[in-house]
Structures are given as C-alpha cells and as structure tokens.
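Hi,

Here is the structure I said I would pass on. Have a look at it first, and then read my notes underneath.

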Amino acid sequence: MKKQLKKDLDSNLSLIALAKHHDPFSVLGNHLVNGHQTITLYMPFAESITLKSPELEFERVPDSDFFTVCVDNLAIPLHYQFTWLDKN
C-alpha cells in the first residue's frame, strides 16, 4: 500500500510540474499527508524555502522543484508566509 501511495504522489507531482493536474491545490499547500500535517510547495526557481512562523526549513523533494515541511503539532496560521532564495 505504501508503494502505491508513493506512486500516486509522484504521479500528482509530475502532472503539476507539467501544468496538467486537474486540481493542483488538492496536493499543494497545507494537507494531511500519510498522517502528517505537511505543507507542499512547487517553486521551480527556488534554491531554498523557509516558513516564517514558526521558522522551519522546507526540504526539497529529491530531483524536483517541490518542497515540503512537516508541521505536526505546530500552530500554523491559516495564511502562512514563507521566504525563498532563488537559484540565480
């Protein structure tokens, strides 16, 4: 089952990167992923991304332009903010 979830996630991310996903915001943003509250972002020109409050560093999904951060048990504002550093 876990392998199928990973395959589905990879498929969703690929479709978002190709601008062909029917509902990208069902994947992007703050969602419950595998039992963990997770923020997922797609930032093609970002080198690194940091959540502002609480200050947390996003992790890059390997070989992609997607970033995630687990925010379990943290008070995340509805309209959270983040900063990023461009690749160039």
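Below is what turned up when I went through it.

One thing before the details: this is a predicted model, so please read everything here with that in mind.

**Nonpolar cores**

I'd start in the interior. In soluble globular proteins, nonpolar side chains tend to be buried together. Here the largest nonpolar core has eleven residues: Ile39, Leu41, Met43, Ala46, Ile49, Leu51, Phe58, Phe67, Val69, Val71 and Ile76. Strands β2 (36-42), β3 (46-51) and β6 each put in at least two residues of this core. The largest share comes from β3, with three residues. If you want one residue to centre the view on, try Val71. Leaving out residues up to four places away in sequence, Val71 touches Asn30, Gln37, Thr38, Ile39, Leu51, Leu56 and Ile76.

There is also another core, apart from the eleven-residue one. This other core has five residues, including Leu13, Val27, Leu28 and Phe66.

**His21**

Next, have a look at His21, which sits in the loop between α1 (2-17) and β1 (29-33). Is His21 buried or exposed? With a relative accessibility of 10%, His21 counts as buried, because the cut-off for buried is under 20%. The His21 side chain makes a polar contact with the side chain of Asn12, at 2.9 Å. Neighbours within four places in sequence aside, His21 is in contact with Asn12, Leu15, Ile16, Ser26 and Val27. Val27 will be familiar from the five-residue core.

**Salt bridges**

How many salt bridges does a search of the whole structure find? The search comes back with two. In one of them Arg60 pairs with Asp65, with the closest N and O atoms 3.5 Å apart. In the other, the side chains of Asp65 and Lys87 meet at 3.3 Å, N to O. Asp65 is in the loop between β5 (59-60) and β6 (66-70), while Lys87 is in the segment after β7 (82-86), so this pair ties together parts that are 22 residues apart in sequence. Through shared partners, the salt bridges join Arg60, Asp65 and Lys87 into one network.

The three members are each partly exposed: Arg60 has a relative accessible area of 31%, Asp65 has 22% and Lys87 has 41%.

**Backbone oddities in the loops**

A few spots are worth checking on the backbone. The peptide bond from Ser53 to Pro54 is cis, with omega near -5°. Pro54 belongs to the loop between β3 and β4 (56-57).

Then there are two residues other than glycine that have positive phi. Asp63 has phi near 60° and is in the loop between β5 and β6, which is also where Asp65 of the salt-bridge network lies. Asn73 likewise has phi near 60°, and its place is in the loop between β6 and β7. How accessible are they? Asp63 counts as exposed at 84% relative accessibility, and Asn73 is exposed too, with a relative accessible area of 83%.

If you only have a few minutes, I'd look at the eleven-residue core, then the network of Arg60, Asp65 and Lys87, and then the cis peptide bond from Ser53 to Pro54.

Cheers

Conventions:
Residues are numbered from 1 along each chain as its sequence is written. This is a predicted model: local features need pLDDT of at least 70, side-chain atom pairs count only at pLDDT 80 or more; totals for chains, interfaces and linings use all residues. Side-chain values use heavy atoms; hydrogens and water are left out. A salt bridge is a side-chain nitrogen of Lys or Arg within 4 Å of a carboxyl oxygen of Asp or Glu. Buried means under 20% relative accessible area, exposed over 50%, partly exposed in between (1.4 Å probe, protein chains only). Helices (H or I, at least four residues) and strands (E, at least two) are DSSP runs, numbered from the N terminus. A nonpolar core is a set of buried Ala, Val, Leu, Ile, Met, Phe, Trp, Tyr and Cys residues joined through side-chain atoms within 4.5 Å. Contact means heavy atoms within 4.5 Å. A polar contact is a pair of N or O atoms within 3.5 Å; within protein, one must be able to donate a hydrogen and the other to accept it, and residues adjacent in sequence count only if both atoms are side-chain atoms.
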